[in-house]
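The following exercises concern confidence, helix packing and backbone geometry. Each task is followed by a worked solution.

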Amino acid sequence: TALTQNAMLTGLKRDHGVCWSVATLRTVIAGVAEGMEPHRQDAQVAHVLKWLEQAFQSRGGRKPVLAVGRDGLMLPIRDQECYREGATATLSVYDRRGRRLGTVYLGRMPEPGQETLSRQLTALLEAVLTQWTGPLPRLAYITDGGYQQTRYFRRVLKQMRHPLHSGQRLEWEWVIDYYHACEYIYKLAEVLFSDAKRAQRWARKMCRWLKEKPRGIYRVLHSAAAIRRRRMVVGKKREQYRNAYSYLRKRIRFLDYCQYRSNHLPIGSGVTEAACKTVFTQRLKQSGMTWKVDGGQRIVDLRVIQLSGVWSEVYQAYLQAKMLPDVGTQGGSGKKKPQKAA
């Protein structure tokens, strides 16, 4: 899944003496991807359950965390004039010391509304919660404040109920990525100060307040508004100030980093942002590449299986599920019952 098409064909010929055409390679990839995908979720759930067990057995003063992440990135699609947004999702487990024990991944090529990714992520979460019989971990949703991320929280996570506990509504804590919020503080600083050094000093101080002070976001917004009243801001800078201030103000209740840290929740979405790079960028955004949605999705399906660390389990399940063709025998009827692959 990491090699380009030409590199794969060259390696097959060099190492195995196999001379495939591009069409044959694509057919094989399509068959394997479509055969393995139905077994992905079960293997991912098994890994998450194992990490949850390890997390509750670990030492430390924290409650284990089950953390969901979601992010998007722009991809080059063949015959399209502009890039379109693909998306990735992650499900991670943190132990009592705040150490990440592991992550499983999902990824989808561009699709209106990202409905398939939402459906896969919801199914994965529900399967984990249904099969987990221990104490409920702390549930966190760590993303930026984008449209699809907000939509998923409001439509799915906020409404989600525990499948085993009489419909008990689950309490998800949405954490807007701290570093993403800090970017908007720096945008405010660019508008409020003509001197770059003063802008940097103010922004660093506000980021520290945001992270460490109780109700830190209120302090940041109050300071920005007070400085704004003393300065004339016009044109594009005025619009930049309005957009940055509005972004932070509308998401106040998801920016309480002092409280999140006291609850031992992660405050950064680095795991999911890294997933954008490993699932998509490293393979699908190399120089000069463009993709059809179906072809790219097959590669992504295989990559999320590999990156989740479940390739062996999924591939064995795929082989077990394959039916061997009928084999004729001499002197017999020429028919045998289908058998599962060993």
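**Exercise 1. Determine where in the chain confidence is lowest and where it is highest.**

Solution. The model is a predicted one. Comparing the elements by mean pLDDT, the lowest confidence belongs to helix H1 (residues 5-16), with a mean of 84. The highest belongs to strand S3 (residues 100-108), at 97. For the chain, the mean pLDDT is 90, and 94% of the residues reach 70 or more. Where pLDDT is low, predicted coordinates should not be read in detail.

**Exercise 2. Describe how helix H7 and helix H8 are oriented to each other, and state the handedness of their crossing.**

Solution. Begin with the axes: those of H7 (residues 216-229) and H8 (residues 235-250) come within 11 Å and cross at roughly 160 degrees. Angles over 145 degrees count as roughly antiparallel. The two helices, H7 and H8, are therefore roughly antiparallel to each other. Their crossing is left-handed.

Next, identify the residues in contact. H7 contributes Ile 217, Leu 221, Ala 224, Ala 225 and Arg 228, which meet Arg 238, Tyr 241, Tyr 245, Leu 248 and Arg 249 of H8. Sorted by class, this contact of H7 with H8 comprises seven nonpolar, no polar and three charged residues.

**Exercise 3. Characterise the crossing of helix H5 with helix H6 and the residues that form the contact.**

Solution. The axes of H5 (residues 178-192) and H6 (residues 196-212) come within 9 Å and cross at roughly 145 degrees. The crossing of H5 and H6 is right-handed.

On the H5 side, the contact residues include Tyr 178, Cys 182, Ile 185, Tyr 186 and Leu 192. Among their counterparts in H6 are Gln 200, Trp 202, Arg 204, Met 206 and Lys 211. The contact of H5 with H6 divides into 14 nonpolar residues, one polar residue and three charged residues.

**Exercise 4. For Asp 79 and Gln 114, give the sign of phi, the location in the chain, and whether the residue is buried or exposed.**

Solution. Consider Asp 79, which is not a glycine and yet has a positive phi of about 65 degrees. Asp 79 lies in the loop between strand S1 (65-75) and strand S2 (84-94). Exposed means over 50% relative accessible area. Because its relative accessibility is 74%, Asp 79 counts as exposed.

Turn now to Gln 114. Its phi is near 50 degrees, a positive value in a residue other than glycine. Gln 114 is found in the loop between S3 and helix H3 (115-131). Buried means under 20% relative accessible area. With a relative accessibility of 7%, Gln 114 therefore counts as buried.

Note on methods:
Residues numbered from 1 in each chain as written. Predicted model: local features only at pLDDT ≥ 70, side-chain atom pairs only at ≥ 80, totals over all residues. Heavy atoms only, no water. pLDDT = per-residue confidence, 0-100. Helix = DSSP H or I, 4+ residues; strand = E, 2+ residues; numbered from the N terminus. Axes fitted to C-alpha atoms, helices over the stretch in contact; angles between N-to-C directions. Parallel < 35°, antiparallel > 145°, perpendicular 65-115°, else oblique. Left-handed = near helix turned anticlockwise from the far one by under 90°. Contact = heavy atoms within 4.5 Å. Nonpolar A, V, L, I, M, F, W, Y, C, P; charged D, E, K, R; others polar. Buried < 20%, exposed > 50% of the residue type's maximum accessible area, 1.4 Å probe, protein only.
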